[in-house]
Amino acid sequence: MFHHSAKLQYPVKVDKPNPEFAMLLQQAIGGIEGEIRVAMQYFFQAMGARGDDRIRDLLMSTATEELAHIEMLGHAVALNLEGAPVSYQEATAKDPVMNAILGGANPRHLLSSGLSAMPVNANGVPFDMSHIYATGNVAADMLANVTAEASGRVLASRLYNWTDDHGMKDFLSFLIARDTYHQQQWLAVIEELGGLGANLPIPNSTPEDHEAMQHSYYYLNTLLDKEAPKGRWGEGPSFDGRSQFSVRNQPAPEGQEATLGMAKEKSGAQKDQIDPSK
């Protein structure tokens, strides 16, 4: 069961409506870096969380906060669309070329949503849930969540730099701050689980005899005209403490030639592809 307050989590104000910025804000709603993505990701992770119920509660609580962010962004889109032209006469009165095709605004804000937000990205493409990562493995999900919050914070920072509207900057500064905390929050879960080293490799429950460990800890340099880039990834102990990192330059292939032989009869292949003896 969910509860809702009529009041927004944080004030959302627009000093001067800007339909073009409304289009850009759509990325924070329905883009792959946006709030629909993280809300659904945390929601489905919560529904599949087994083990420590604190983590399930944390995921569910954060999922509902992200729903609140969708509502705030939706309100911001609507406020930025106030005053946008709603007719041909109104648009052409401002500019004979319809203000350069509505000044770069998304025409679907007029045609489909009545000057309000939609579950789409800045290009008008609906969010299709294909970027929801919920594996049932807590450590894997936490790392995915850190990445999601990081990409969301990048987007919010870019939106902040894109506007000179004081109200929008204030609102975006709040979203940037929450992204900061949520990055730390998911890293804190990994720490609660014993830290990154204790959780690697993910899943750490896979028996070692299921893994060809002679191939687990070398960097494979496939650049024929360059030596491997030097760095921590090529030397020193592995983060899980099971081995040492190393480098293989210009490695020779160990597998067989990938030939499939003749095609089957009635497979739809050409005659020359089919084994005549079949």
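This text leads through the nonpolar cores, one long helix and the ring contacts of a predicted model. Local features need pLDDT of at least 70 and side-chain atom pairs count only at pLDDT 80 or more, while totals for chains, interfaces and linings use all residues. Residues are numbered from 1 along each chain as its sequence is written, and side-chain values use heavy atoms, with hydrogens and water left out.

The largest nonpolar core (buried Ala, Val, Leu, Ile, Met, Phe, Trp, Tyr and Cys residues joined through side-chain atoms within 4.5 Å; buried means under 20% relative accessible area with a 1.4 Å probe, protein chains only) has 26 residues. Val12 and Phe171 are among those with the most contacts inside it. Helices H1, H2, H3, H7 and H8 (DSSP runs of H or I, at least four residues, numbered from the N terminus) each supply at least two residues of this core. Apart from it lies another core, of 13 residues, including Trp186 and Ile190.

Helix H8 spans 166-192. At its start, a side-chain oxygen of Asp165 reaches to within 3.0 Å of the backbone nitrogen of Gly167. After H8 comes Gly194, with a positive phi near 115°.

The structure also holds six aromatic pairs (rings of Phe, Tyr and Trp, the last by its six-membered ring, with centres within 6.5 Å). One of them, between Tyr217 and Phe245, is tilted (planes neither under 30 degrees apart nor over 60), with 6.5 Å centre to centre and 40° between the planes. Tyr217 lies in the loop between H9 and strand S1 and Phe245 in the loop between S1 and S2, so the pair ties together parts 28 residues apart in sequence. Tyr217 is buried, at 10% relative accessible area, and Phe245 is buried at 18%.

Methods
Buried < 20%, exposed > 50% of the residue type's maximum accessible area, 1.4 Å probe, protein only. Polar contact = N/O pair within 3.5 Å; in protein donor to acceptor, adjacent residues only side chain to side chain.
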